[in-house]
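Please look through the sequence and the model below before reading on. The report that follows moves from charged pairs to a sheet, then to the nonpolar cores and one polar side chain.

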Amino acid sequence: MLRNSMLRAAGNTGAEIEFVGANSANGASSLSINGLGLQQGDLVVAVTSKGAGSYSFSSSGWTGVTSGFPTRLRTNSISHTVCYKEMGATPDTAFSLDTPVDFLGAIAFRNAQWASTTNETSGFTSSGLAVLPSLSISTNGSAAVYLAMLDDDAAGITTFPNGTPANYTLAENNGQTGGSGAIFYRLDLSSGTESPSSIRWTSDDAYLNIGLVLEPV
């Protein structure tokens, strides 16, 4: 499902991080990011996952976050890749894999740069609950992005971090029988520790949650 850009509130000045757009798909080997309204300098984070089997990220110019990229990494029964790319003068229109997977997602931000800060948690959900990793925020105005993955089920997210939907925005939630994924984010964070507790899936299985930090340019 494609979500278009949300503009910075009137009166705000400076290079505040802005959400540009997001998209996701299931059972596919490529994902379009053409409709996100990307501009030069925008930062796109891409995540893919599959319940079983090996695969690789095929598109060029992307920087891998997961070990062994562009080949998938397998953690807690979930094969996955995470990567990012700063858009050039002619922004990318899509990214591709060498085989279809259960979940493909992308989220884009403006005035953002990679902070090299990631953390992850994994386990087996209890009544759908999946614990989220905490993140260390070094710079005021940073953004937290969480990539959530669930094995084997076509599932949805029912509860946001800390039980407060206003704190985080669910950008994408998609999947199929082999596995599901979700992307959600929060802007304008102050320096310190971001600890959004847990999320709740609509079914129980092995999960993997990856949190990452983006800093203002």
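A salt bridge is a side-chain nitrogen of Lys or Arg within 4 Å of a carboxyl oxygen of Asp or Glu. The model shown here is a predicted one, and a search of the whole structure finds three salt bridges, which are set out in the table.

| Acidic residue | Basic residue | Closest N and O atoms |
|---|---|---|
| D42 | R110 | 2.8 Å |
| D92 | K85 | 2.8 Å |
| E194 | R186 | 3.4 Å |

The pair of D42 and R110 links distant parts of the chain, for D42 lies in the loop between β2 (28-32) and β3 while R110 belongs to strand β8, 68 residues apart. Buried means under 20% relative accessible area, and D42 is therefore buried because its value is 1%, as R110 is buried with a value of 16%. D92 and K85 are both buried. In the remaining pair, E194 is buried with a relative accessible area of 9%, whereas R186 is partly exposed at 26%.

Turning to the strands, five of them form an open sheet in the order β9-β18-β12-β15-β14, with antiparallel pairing. The edge strands of this sheet are β9 and β14 (169-176), each of which pairs on one side only. Neighbouring strands are turned by 15° against each other on average, direction ignored. Between β14 and β15 the antiparallel pairing runs over seven bridges, and the bridge partner of G175 is S180 in β15.

Which residues touch the most other members of the largest nonpolar core? Of its 25 residues, they are I107, F109, V145, L147 and L214. The elements that give two or more residues to this core include β3, β6 (78-86), β8 (103-110) and β12 (142-151). A second, separate core has 20 residues, among them A46, C83, M87 and A106. Leaving aside residues up to four places away in sequence, V145 touches I107, F109, I183, F184, Y185, I210, G211, L212 and L214.

Finally, is T48, a residue of strand β3 (residues 43-50), buried or exposed? T48 counts as buried because its relative accessibility is 0%. The side chain of T48 is joined to that of Y55 by a polar contact of 2.8 Å, and to that of T81 by a polar contact of 2.6 Å. Apart from its neighbours within four places in sequence, T48 is in contact with residues including S79, H80, F95, L97 and M149.

Methods
Residues are numbered from 1 along each chain as its sequence is written. This is a predicted model: local features need pLDDT of at least 70, side-chain atom pairs count only at pLDDT 80 or more; totals for chains, interfaces and linings use all residues. Side-chain values use heavy atoms; hydrogens and water are left out. Buried means under 20% relative accessible area, exposed over 50%, partly exposed in between (1.4 Å probe, protein chains only). A polar contact is a pair of N or O atoms within 3.5 Å; within protein, one must be able to donate a hydrogen and the other to accept it, and residues adjacent in sequence count only if both atoms are side-chain atoms. Contact means heavy atoms within 4.5 Å. A nonpolar core is a set of buried Ala, Val, Leu, Ile, Met, Phe, Trp, Tyr and Cys residues joined through side-chain atoms within 4.5 Å. Helices (H or I, at least four residues) and strands (E, at least two) are DSSP runs, numbered from the N terminus. Two strands pair if DSSP finds at least two bridges between them. Axes are lines fitted to C-alpha atoms, for helices over the stretch in contact, and angles run from 0 to 180 degrees between N-to-C directions.
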